[in-house]
Amino acid sequence: MAFRLTGGTKDYIVVGSDSGRIVILEYQPSKNVFEKIHQETFGKSGCRRIVPGQYLAVDPKGRAVMISAIEKQKLVYILNRDAAARLTISSPLEAHKANTLVYHVVGVDVGFENPMFACLEMDYEEADNDPTGEAAANTQQTLTFYELDLGLNHVVRKYSEPLEEHGNFLITVPGGSDGPSGVLICSENYITYKNFGDQPDIRCPIPRRRNDLDDPERGMIFVCSATHKTKSMFFFLAQTEQGDIFKITLETDEDMVTEIRLKYFDTVPVAAAMCVLKTGFLFVASEFGNHYLYQIAHLGDDDEEPEFSSAMPLEEGDTFFFQPRPLKNLVLVDELDSLSPILCCQIADLANEDTPQLYVACGRGPRSSLRVLRHGLEVSEMAVSELPGNPNAVWTVRRHVEDEFDAYIIVSFVNATLVLSIGETVEEVTDSGFLGTTPTLSCSLLGDDALVQVYPDGIRHIRADKRVNEWKTPGKKTIVKCAVNQRQVVIALTGGELVYFEMDPSGQLNEYTERKEMSADVVCMSLANVPPGEQRSRFLAVGLVDNTVRIISLDPSDCLQPLSMQALPAQPESLCIVEMGGTEKQDELGERGSIGFLYLNIGLQNGVLLRTVLDPVTGDLSDTRTRYLGSRPVKLFRVRMQGQEAVLAMSSRSWLSYSYQSRFHLTPLSYETLEFASGFASEQCPEGIVAISTNTLRILALEKLGAVFNQVAFPLQYTPRKFVIHPESNNLIIIETDHNAYTEATKAQRKQQMAEEMVEAAGEDERELAAEMAAAFLNENLPESIFGAPKAGNGQWASVIRVMNPIQGNTLDLVQLEQNEAAFSVAVCRFSNTGDEWYVLVGVAKDLILNPRSVAGGFVYTYKLVNSGEKLEFLHKTPVEEVPAAIAPFQGRVLIGVGKLLRVYDLGKKKLLRKCENKHIANYICGIQTIGHRVIVSDVQESFIWVRYKRNENQLIIFADDTYPRWVTTATLLDYDTVAGADKFGNICVAEVIMNYHVGETVLSLQKTTLIPGGSESLVYTTLSGGIGILVPFTSHEDHDFFQHVEMHLRSEHPPLCGRDHLSFRSYYFPVKNVIDGDLCEQFNSMEPNKQKNVAEELDRTPPEVSKKLEDIRTRYAF
């Protein structure tokens, strides 16, 4: 939670976690990091019932913080500042109460009185001691106020009162000079205002949707809220579990609250938390799926929406009704992609793009989607226009150095140059001063307001008043390569002769007296931009035919002298010197500039990019990083991204190398092949790119910097449970199942029934009106992805089977199962007795009730895939006695796990025929893997069981099992003897205890795969919280040893922020074994330079060598 000391100007963050410690963090904007200010230990680590950390509450004036456990313990810390204005924290004051469960804690706003905390509690002592169970039924929840007496330095239980309804959370009401103080209790069906003293309780029912399809007996609760407070007023936004937001205001008479008023505001997806920003935005952190940022366009004060008040007369148990509608007060501004929860993931190259895509089934209920993730940056196409031929280069130039936007786009063809001016539209101009009858090698702004054009026969210097100076090449020589920046021009003539020009103070271009003969032909050159406040860039990089790059000085003292050289594995294609990774600094004159490092990027003809650090003093080259980009020679272009220099590298794919949030990224663009590019700035597109591809000119923008994947989402109807890929057509067969849901047919039937009841309930004179209302109700169709699906009640299931084309995302076939049939497993297979036809088998449970568990049996539906994998043709359904939760093809037949029975089935005419079974699996089969004659069965709580099928005796024989109980969620085979699995507590293991690792999130899919073309295999996992991670194998002892030491040093030098011990966290359930935490090792790059140096010295290396090792292992397996 955030808190601010009284009179302070910045917030601190206080964190409660499973570390048994309270931690206070401060955000450092300059470094973009959180710094730990305080860390106080009060209990054991781990998720325990009586160790605080579950609940946090802050006194609104920032004087104290309460941290509470689910049961018994509460601690209060007093916050203050010392003489140097640093934050101080007291030792903890106890407010424990045994046998008490806590549901929520908030700080009460009492102005500057003694800080007060309100808790929702329940005392279970009597219920514990009463064997009849009567006390348990009568125990009431209480609202308890704890007061911190600042004079006595001690916490008192001030006041407690039993509550009528069961509350689920509290909202603090502004107090002191801002409001009446007290709390709002959100409980089932009601919201109640309470305060101590003479204040009577004010309660108001939570309004319901009119004509709701939900079970009418269901209670309604608020799930989260946000408070907005200004000097003159305050209001609350509270969201119900259907996603409807109500604006809540309190009417006061002097200091007494007289009524609560609720008004329907808008409906957004159900949130875990909401936050109103001072700037008039509402951030919604969704419980599942993407997060949203809305602008509050209206406060909903003057619209037609009815206002409900606690003062309106209602019978007990009755409530108000409102009509949900599309957004009216909020406007969606932005959304933050979130994959949570990922239920199933498959990695395959179904789109034939060389690099595999990740097909991720994620989301919940009507907000589910199938997302296709590709490694790359999303590219928005701003404009595409055809050109009168195939150009070979493009540049943009400004008219004046102070201009914000570019003025011209210059396009060079084989025998001509086209100049386009940038305005509202882009059109050709002829009076720019550029020579149009020749191809152009380069052009740039020179000095403040002159332009320079370099072409094969010379240099054309165009002054602001359109005067033109020409420099012509001597004799028969022509210019082959050139490099220009704001003040310097360097050209290479045929035969490897360099000529250097520099601009003098009067704006003339002067040729340096000597020329430099290179030992071989020049193939590429680059100059850095002139640093702010300097006359020239000191270095020129030149690439030669003899596979070398040379750095040449341009300093007047040793002009055109070679400084350093680097040999290359292949011939260079292009060079680019950029300054990257800088922090913003101000120099003496107050000029803003960034002080970064100089990097020389070298693109080779074999498709490799090298990045080398260029020493700004000596010109030495060191610390080379390599990366393979594609099959074509790499061309490099300098562009601007987020105000910093970045490099666009073009091979068979285009890549962007940029620095974002003080980390280097090299990411491909998710776009077709480009040939040449330049930075582009206009009013509509301040940081764009203009590029050419065959005969088109394209203006592109990159918006989501920092993202690893770009994603395309295709909506689904219910929560996707599993999907399989049909190997021949590459179509996906997805099963979607929701509990507590209606099928489409049942929904239509319920609506019809409600419409008929509306007409019947009306009196004689209101019949026509009621019929109109009923018709309107039947026609109304609010999208469920926003308004939620109706909740049908316990034991109600809805399922569909969908065949989808994963490239276009269109549904080819959709089979709706009947109400209360729930699909749990799916497989696509061939049977040996039917030739090469494909069949889809779906395991379905009938009338499953989860708690207490009961099931009316199950079915295995068999479909034949027809129309080359686009349609499902129903063959038959096979009744089974339990839930078929796992199906796997096996030697031309199928293995099905029916509850705890493992069976082999074959295809028959009227149903599947049982051939063989094994009854000795402990609880419930949740997964089946097969390899050869072996079957590895995952049990829901007894880990793995190895089974062998003996063909001659037709028997399934168990021959091994695991020694540890594991609640397996997913498994995958690594080889004939090894299986990797994950359990529901967030551990990943390789069976026979080769490795153990606690991820900390429930892993729902594991797959052994390669993520990049030509890369090595890795184990990719996805988690319920939407995380995607990989485990990579070490191939050498030396690497393993090195990373083990990096991890060891980082554990001590850079411990986790919230105070958890890294080793004990990774060993939460089983001791961590044979796994090194790569995320921790990669924190090396974000450490302070002196700490990096210390760690690197301990490893006998330099910091660049350590970060190079980290980068190498990452790029060998992934991105």
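## A bridge between two strands

Let's start with one pair of residues: Glu736 has Val800 in E64 as its bridge partner. The model behind this is a predicted one. Strand E63, residues 732-739, and strand E64, residues 797-804, are joined by eight bridges and run antiparallel.

## The sheet around them

Zooming out, E63 and E64 belong to an open sheet of four strands, ordered E62-E63-E64-E65, with antiparallel pairing. Which strands stand at the edges? They are E62 (720-725) and E65 (811-816); each has a single partner strand, so one side of each is left without a neighbour in the sheet. On average, and with direction ignored, neighbouring strands here are turned by 15° against each other. As a general reminder, the strands of a sheet pair through backbone hydrogen bonds, in parallel or antiparallel fashion.

## The annotated C-terminal domain

An unreviewed UniProt entry lists residues 798-1085 as "domain: RSE1/DDB1/CPSF1 C-terminal". Across residues 798-1085, strand accounts for 48% of the chain and helix for 9%. The C-alpha atoms at the two ends of this stretch lie 49 Å apart.

## Cysteines without partners

How many disulfides does a search of the whole structure find? The count is zero. Take Cys275, which is in no disulfide: its nearest cysteine sulfur belongs to Cys224 and is 11 Å away, whereas a disulfide needs the two sulfur atoms within 2.5 Å. Cys275 is partly exposed, at 37% relative accessible area.

Cys576 is in no disulfide either, and the nearest cysteine sulfur, that of Cys524, is 11 Å away. Is Cys576 buried or exposed? With a relative accessibility of 4%, Cys576 counts as buried.

Conventions:
Residues are numbered from 1 along each chain as its sequence is written. This is a predicted model: local features need pLDDT of at least 70, side-chain atom pairs count only at pLDDT 80 or more; totals for chains, interfaces and linings use all residues. Side-chain values use heavy atoms; hydrogens and water are left out. UniProt positions are given in the numbering used here, feature names are shortened, and annotations may be inferred rather than shown by experiment. Buried means under 20% relative accessible area, exposed over 50%, partly exposed in between (1.4 Å probe, protein chains only). Two strands pair if DSSP finds at least two bridges between them. Axes are lines fitted to C-alpha atoms, for helices over the stretch in contact, and angles run from 0 to 180 degrees between N-to-C directions.
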